[in-house]
Amino acid sequence: MLATQKQYVQWLENKDGNETLHQALWLSESNHAPPARIVLVDDKTTADDAYRLACEGTSLLWRGDFHNARQLLQALGRRIDRTNERSELRKVKKAANKSAADKSVAPKEIPNLFHQQRQIQAQRARILSRLLLELDANYVSQLRRAPDVSAACTVAFGQLDKELNESCVLSFRDLQGVLGAAQWREKGVPIESLGLSIFPHYGVFAPTRHEYVQLLLDAPLPKVHDVAYDIGTGTGLLAIILAQRGVKQVIATDLNPRALACAKENFTRLALTSVQLQQADLYPTDAPLANLIVCNPPWLPAKPSSPLEYAVYDANSKMLRGFLQGAKTHLAEQGEVWLILSDLAEHLQLRTREELLGWFADSGLTVKYRLDTKPKHGRSQDDTDPLFAARSAEITSLWCLERV
Ligand SMILES: C[S@@+](CC[C@H](N)C(=O)[O-])C[C@H]1O[C@@H](n2cnc3c(N)ncnc32)[C@H](O)[C@@H]1O
């Protein structure tokens, strides 16, 4: 576990009148640096005091009742939202409404609004992540009314070194993420149009917005479809669709080891023997040319701010462009590329349609046809979202590309 270098946190704790220095392993899924200043808080700490300390950059190690920590987190969230309503977020919303009403302002304003909104969200996440809890070397919490989180943490972070018997400290928010992921993994995400469920792992893109599945079911397979690649397979969903549609050999790749483990488990559950997995940056090595290459890349050209965001954000469209540039050399004669891509980046003015079409042409590819679908997920319907105008206009497409 914890392939990266170990980092530690320290704090002073008073027991029986003696103040001693404590140390624990630092676990952070968002790659936040270990907090420099930690104070102990418990049920007697007021939400206002906790909020003030967290805003000042002090981390709060919880020593009270487990469920009260959850309530404190909610109270902190409310305070952050109230402050945002009064300041930054209000400005963002005002500018967004102006943009929506006055189309001439939109092109300049919208990318700024998007980046401002991300900054506000990142700041919110930073403050909330300052509420910490300690777990022992078996991921057991000694807090009152603490649930059993040990299995979920072991699955997400791997075993801690039992011989060292080190406790660890993580943010309460990361723990909530781990527990939520454990539920997805147990219950699965039902994909109605396929009549099956997909079981995402912690840290792997969960296909909860899966309108694009129907696009992959509707697109006619190329006449010869012996070999297909699924680039950036995540849970393995697209590879499963191709295998179920009768592609004889599917080779699925991903950079994220958690995705590979997750896809493997999903293939095994479905007893799929025609799918192989490779850890690769984009294309598989030592593989036959493909009659079909599918890819659902991260769709927003912006810098990911944590490992969990790598499935959504792609700085400078590096993956998308690398995928397109490499396609022709991996494609068999008469082969097709199916690129699944939302146009939200275009509505947010982060990419133009002309740029996208230019990248197709520069890669020696041309559009054979395109299938479109309209996302129905919550954020596309939420008119209180500052970026509602862009989100409600979003279309997800399957671009079928072939050699020029
Ligand atoms: C939007 S998710 C799509 C996952 C899955 N194909 C689906 O449709 O549900 C994008 C995936 O691409 C993977 N990825 C990002 N950059 C990659 C790269 N350079 N090479 C391979 N996979 C990559 C991410 O780890 C993530 O699993």
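How far does a polar side-chain atom of Y212 lie from an oxygen atom of the ligand? The distance is 2.9 Å. The views below start from this contact and then move on to other parts of the chain; please keep in mind that this is a predicted model.

**View 1. The ligand sits among 17 surrounding residues.** The closest of them are G232, D254, D281, L282 and N296. By residue type, this shell divides into 10 nonpolar, 5 polar and 2 charged residues.

**View 2. Side chains of Y212, D254 and D281 approach oxygen and nitrogen atoms of the ligand.** Let us take the three in turn. The polar side-chain atom of Y212 is 2.9 Å from a ligand oxygen. For D254, an N or O atom of the side chain comes to 2.7 Å from an oxygen atom of the ligand. For D281, the partner on the ligand is a nitrogen atom, and the distance to an N or O atom of the side chain is 2.8 Å. Taken on its own, the ligand has 600 Å² of accessible area, and the protein covers 94% of it.

**View 3. F66 and F172 form a tilted aromatic pair.** The structure holds 7 aromatic pairs, and this is one of them. The two ring centres are 5.1 Å apart, with 50 degrees between the planes. F66 belongs to helix α2 (residues 66-86) and F172 to helix α6 (residues 172-187), so this pair ties together parts that lie 106 residues apart in sequence. Are these two residues buried or exposed? Both F66 and F172 are buried.

**View 4. Y139, F157 and Y202 make up one aromatic cluster.** Within this cluster, look for the rings of Y139 and F157. Their centres are 6.4 Å apart and their planes meet at 40 degrees, so the pair counts as tilted. Y139 is in the loop between β5 (131-135) and α5 (150-157), while F157 is in helix α5. The two residues are 18 apart, and their pairing links distant parts of the chain. Y139 has a relative accessible area of 2% and is therefore buried. F157 is buried too, with a value of 8%.

**View 5. Two arginines lie over aromatic rings.** What sits over the ring of Y313? The charged end of R118 does, 3.7 Å from the ring centre. In the other example, R370 lies over the face of W399, and here the distance to the ring centre is 5.1 Å.

**View 6. The loop between β11 (275-279) and β12 (290-295) holds a buried tyrosine, Y283.** The relative accessible area of Y283 is 9%, so this residue counts as buried. Y283 and I231 are 52 residues apart in sequence, yet their C-alpha atoms are 6.7 Å apart in space. The loop between β11 and β12 also contains D286. Is D286 buried or exposed? D286 is exposed, with a relative accessible area of 84%.

**View 7. D16 and D286 have positive phi values without being glycine.** D16 is found in the loop between β1 (8-15) and β2 (18-26), and its phi is near 50 degrees. With a relative accessible area of 78%, D16 is exposed. For D286, which we met in the previous view, phi is about 50 degrees.

How values were computed: Residues are numbered from 1 along each chain as its sequence is written. This is a predicted model: local features need pLDDT of at least 70, side-chain atom pairs count only at pLDDT 80 or more; totals for chains, interfaces and linings use all residues. Side-chain values use heavy atoms; hydrogens and water are left out. A residue is near a molecule or strand if one of its heavy atoms lies within 4 Å of it. A polar contact is a pair of N or O atoms within 3.5 Å; within protein, one must be able to donate a hydrogen and the other to accept it, and residues adjacent in sequence count only if both atoms are side-chain atoms. Accessible areas come from the Shrake-Rupley method with a 1.4 Å probe; for residues, only the protein chains shown count as cover. Ala, Val, Leu, Ile, Met, Phe, Trp, Tyr, Cys and Pro count as nonpolar, Asp, Glu, Lys and Arg as charged, and the others, Gly among them, as polar. Rings of Phe, Tyr and Trp (its six-membered ring) pair if their centres lie within 6.5 Å; planes under 30 degrees apart count as stacked, over 60 as edge-to-face and the rest as tilted. Helices (H or I, at least four residues) and strands (E, at least two) are DSSP runs, numbered from the N terminus. Buried means under 20% relative accessible area, exposed over 50%, partly exposed in between (1.4 Å probe, protein chains only). A charge sits over a ring if NZ of Lys or CZ of Arg is within 6 Å of the ring centre and within 35 degrees of the ring normal.
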